[in-house]
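Hello,

Here is the model I promised to pass on to you. Please have it open while you read, and my notes follow below it.

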Amino acid sequence: MTPEASDDLPRNRRISRKSILKAALVASAAPLLAGGGVALARDVGSGGAPLTPTPACDDGDDPTPPQMEGPYFKPNSPLRTSLVTPSTPGIPLTVSGYMFGRACKPIAGVLLDFWQADTNGAYDMSGFAFRGHQFTDKGGAFSLTTIVAGLYPGRTRHIHVKVQAPGRPVLTTQLYFPDEPRNNTDALFDPALLMNVRSVGNGRQGTFDFVLDIAQTPNPTDPPTDPPTDPPTGTWSAGASYRAGDRVTHGGVAYRCLQAHVAMAGWEPPNVPALWERG
């Protein structure tokens, strides 16, 4: 494995209501909140309505903690929100949620790159089964259609994800399932990364809100930043940060950026129509 710095064990966080409740889940393996699960960042709002910005997201907890990447990550996953077909074996699962900054304001255009084991606990290293990336919408929301990840020796059930806000560093972490016996024996398990999961029909629905370490002005009257009137031009380059409206050339063809992102090898403009359009 190639763990990122300080990603192999849960970080020490300030004591807060949510931290105490989540830590208690490890010992009790039972939901403690009235809603039947761990607290979500959106809990500061009501009924899923747009959040009123607050000085600190939720109750003062640190942002979503990082965890190790592990040995099964592959770059250049396909752009998609579903990792399954109607015939894919396993328990159907949807995972949805929001991306927030420190003031509980949603963040649009955040990259989420998911990968996980199949129902038998195996990772596809020759192709891209159970791998895919997407971007949060203008309201900061995301939704993933997949299956409940299988078990393999030494680990509890989990889903890997890399998260990157436009122009920001990558957060690598893992999402966990509640009420799993192996949660108590997996050295990497962190209750701060528990999803809320409920049974719906023959499947499961999970929710999780990410909080990124991004300062936000808690003034809802501040106007949004206007896009540049004269977008920069140049040759497309991996590693460069692009904003919506930026124009580049690649292979002698001009392209316009549709979503803010940090370019990666394999995301050349002709390969990712969700990010670039000709013209």
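A good place to start is strand β3, where 5 of the 5 residues are buried, so the strand is largely enclosed by the rest of the structure. Please keep in mind throughout that this is a predicted model. Along β3, Arg131, His133 and Phe135 point one way, while Gly132 and Gln134 point the other way, and all of them are buried.

How does this strand fit into its sheet? The sheet is open, with 4 strands in the order β3-β2-β5-β6 and antiparallel pairing. Because β3 (131-135) and β6 (171-176) each have a single partner strand, they stand at the edges, and one side of each is left without a neighbour in the sheet. From one strand to the next, the twist averages 25°. The partner of β3 is β2 (residues 111-115), which runs antiparallel to it and is joined to it by 5 bridges. If you would like to check the register, Phe114 has Gly132 of β3 as its bridge partner, and Leu112 stands opposite Gln134.

Next, the aromatic residues. Across the whole structure, a search finds 11 aromatic pairs. One that caught my eye is Phe135 with Trp267: the ring centres are 6.4 Å apart and the planes are at 65°, so this pair is edge-to-face. It links distant parts of the chain, since Phe135 belongs to strand β3 and Trp267 to the loop between β13 (261-262) and β14 (276-278), 132 residues apart. Both partners are under the 20% cut-off for buried residues: Phe135 has a relative accessibility of 11%, and Trp267 has a relative accessible area of 2%. Elsewhere, Phe114, Phe142, Phe208 and Phe210 come together in one aromatic cluster.

Two lysines are also worth a look. Lys74 places its charged end over the ring of Phe128, 4.2 Å from the ring centre. Lys162 lies over the face of Phe73, at 4.8 Å from the centre of that ring.

Now to the interior. Which residues have the most contacts inside the largest nonpolar core? They are Val95, Met99, Leu112, Val163, Phe210 and Leu212, in a core of 31 residues. Two or more residues of this core come from each of β1 (92-100), β2, β4 (141-147), β5 (158-164) and β6. Leu212 is a handy residue to centre your view on: leaving aside residues up to four places away in sequence, its contacts include Pro63, Met99, Phe100, Ile107, Val110, Val163 and Leu171. Another core lies apart from the largest one and has 12 residues, among them Trp236, Trp267, Val272 and Leu275. Trp267 is thus a member of this second core as well as the ring partner of Phe135.

Finally, there is an open sheet of 3 strands, with antiparallel pairing and the order β11-β12-β14. Its edges are β11 (247-250) and β14; each has a single partner strand, so one side of each is left without a neighbour in the sheet. On average, neighbouring strands here are turned by 40° against each other, direction ignored. Strand β12 (residues 253-257) pairs with β14 in the antiparallel sense over 3 bridges, and Cys257 has Trp276 in β14 as its bridge partner.

Do write back with any thoughts once you have had a look.

Best wishes

Conventions. Residues are numbered from 1 along each chain as its sequence is written. This is a predicted model: local features need pLDDT of at least 70, side-chain atom pairs count only at pLDDT 80 or more; totals for chains, interfaces and linings use all residues. Side-chain values use heavy atoms; hydrogens and water are left out. Two strands pair if DSSP finds at least two bridges between them. Axes are lines fitted to C-alpha atoms, for helices over the stretch in contact, and angles run from 0 to 180 degrees between N-to-C directions. Rings of Phe, Tyr and Trp (its six-membered ring) pair if their centres lie within 6.5 Å; planes under 30 degrees apart count as stacked, over 60 as edge-to-face and the rest as tilted. Buried means under 20% relative accessible area, exposed over 50%, partly exposed in between (1.4 Å probe, protein chains only). A charge sits over a ring if NZ of Lys or CZ of Arg is within 6 Å of the ring centre and within 35 degrees of the ring normal. A nonpolar core is a set of buried Ala, Val, Leu, Ile, Met, Phe, Trp, Tyr and Cys residues joined through side-chain atoms within 4.5 Å. Contact means heavy atoms within 4.5 Å.
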